[in-house]
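Trainee: I am new to this structure and would be grateful for a close look at one part of it, namely the pairing of its side chains. Please explain each term where it is first needed.

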Amino acid sequence: MSKHSEKSSASAGIVLNIQRYCSHDGPGTRTTVFLKGCSLRCKWCANPESIRPKPEMTYDVSKCTGKQCGLCLKDPFPAGAFYFEPGNDAQVKVNWDLSADCDEALTSLCPTGALDVYGKQMTVSEVLDEVEKDASFYRNTGGGMTLSGGECVMQPDFSAALLEGAHQRGINTAIETAGNIPWRFYEKVLPHVDTMLHDYKLMDSERQKKWTGVGNERVLENFKKAYETFPDIDFIARTPLIPGVNADEDFIRSVLAFIRPHKNVIDYELLPYHRFGLGKYEYLGKVYELDDYQTPPDALVKRFQAMIDEAFGRTAEKL
């Protein structure tokens, strides 16, 4: 093993989850490695457990046996992190500020599994060994490994080591990114990327700030620079399509106007809004802010898809 390989194998990062047999995270059948940490605060986020960079505790109240156990009210758990409300000892309540540093060593003490942790530290070798288990699927389908998040580029050294290591093992690479990252991070990561899936959430900076917490000046600058600096990467633009936020023709046309001059942007995909991550907010003691928002109608998605197909010179599906 080379010194470089030894160094890469020693690199570690915080991994949220490794999901196998994915078909929507790049070409072919893929294994998607979700990393912790995100620089945006999208109000529609389906993966709130991916936002915080560090591992974080989760609490499933339905598994708690309350006073029959009460273990989390005692040492070594932080004082005051768990408590009973007066007159209700069926399940414990959580002080999320005081419990923020409860790690796997503590949550594993919970006998019912009501307490758990999202995220763990893994080395490059540990991740790639897991990814490589499905190498035959990648060869047969043109698939590979995709890094996602959160925002995978928030861990630039770890991401770069994973992607370079995947290439060394003959595995195709892709990343999913939202663009709100220092360019120097992309300079580390993109030389090892075959496909970059990237999100256009809103084109108006003030509206993007309202819905995601930050404007989009850096996002657009990074994407344009990436197109121009890395001509051999296949770029796939995407939008989480949300009625009342960005599901309108002007937005779709503005994205198309931005990406079509760049021939290495090979597609633009729409991701209709869904509410699959709603339960995770409860596990994390957070409030979901888009409770009244609905999935976009199929007819609307098809109309926007026809606009995209026309812009890319494809035959649009008849409505």
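Mentor: The following account begins with the reliability of the model and then turns to the side-chain pairs and their surroundings.

The model is predicted, so local features are described only at a pLDDT of at least 70 and side-chain atom pairs only at 80 or more, whereas totals for chains, interfaces and linings use all residues. Residues are numbered from 1 along each chain as its sequence is written, and side-chain values rest on heavy atoms, with hydrogens and water left out.

The pLDDT is the predictor's confidence in each residue, on a scale from 0 to 100. Its average over the protein chain is 93, and 96% of the residues reach at least 70. Over residues 1-10 the pLDDT stays under 50. For that stretch the model has nine contacts beyond four places in sequence, a contact being heavy atoms within 4.5 Å.

The aromatic rings come first. A pair of aromatic rings is described by the distance of the centres and the angle of the planes. Rings of Phe, Tyr and Trp (its six-membered ring) count as a pair if their centres lie within 6.5 Å; planes under 30 degrees apart are stacked, those over 60 are edge-to-face, and the rest are tilted. Nine aromatic pairs are found in the structure. In one of them, the ring centres of Tyr21 and Phe137 are 5.4 Å apart and the planes stand at 75 degrees, so this pair is edge-to-face. Because Tyr21 belongs to strand 1 (residues 12-22) and Phe137 to helix 4 (residues 135-141), the pair ties together parts that are 116 residues apart in sequence. Helices (H or I, at least four residues) and strands (E, at least two) are DSSP runs, numbered from the N terminus.

Exposure is graded by relative accessible area: buried is under 20%, exposed is over 50%, and partly exposed is in between (1.4 Å probe, protein chains only). Tyr21, at 48%, counts as partly exposed, and Phe137 is also partly exposed, at 36%. The rings of Tyr200 and Phe223 have centres 5.2 Å apart and planes at 65 degrees, so they too form an edge-to-face pair. This pair links distant parts of the chain, 23 residues apart: Tyr200 is in the loop between strand 10 (195-199) and helix 7 (205-212), and Phe223 is in helix 8 (residues 217-229). Both Tyr200 and Phe223 are buried. Elsewhere, Trp183, Tyr186 and Phe230 make up one aromatic cluster.

A ring may also have a charge over its face. This requires NZ of Lys or CZ of Arg within 6 Å of the ring centre and within 35 degrees of the ring normal. Arg260 lies over the face of Phe312 in this manner, 4.2 Å from the ring centre.

The charged pairs follow. A salt bridge is a side-chain nitrogen of Lys or Arg within 4 Å of a carboxyl oxygen of Asp or Glu, and the whole structure contains 19 of them. One joins the side chains of Lys67 and Asp89, at 3.9 Å from N to O. Lys67 is in the loop between strand 3 (56-59) and strand 4 (82-85), while Asp89 is in strand 5 (residues 88-94), so the bridge ties together parts 22 residues apart in sequence. Lys67 is exposed, with a relative accessible area of 58%, whereas Asp89 is partly exposed at 33%.

Another salt bridge connects Asp199 and Arg238, whose closest N and O atoms are 3.7 Å apart. Asp199 lies in strand 10 and Arg238 in strand 11 (residues 234-241), so parts 39 residues apart in sequence are tied together. Asp199 is buried at 14% relative accessibility, and Arg238 is buried at 7%.

Glu249 and Arg253 form a further salt bridge, with the closest N and O atoms 3.5 Å apart. These two residues are four residues apart in helix 9 (residues 249-259), so about one helical turn separates them. Glu249 is partly exposed at 29%, as is Arg253 at 48%. Salt bridges that share partners also join Glu176, Asp199, Lys201 and Arg238 into one network.

The pair in helix 9 leads to Met307, a residue of helix 11 (residues 298-311). Leaving aside residues up to four places away in sequence, Met307 touches Glu249, Ile252, Arg253 and Leu256. Met307 counts as buried, with 9% relative accessibility.
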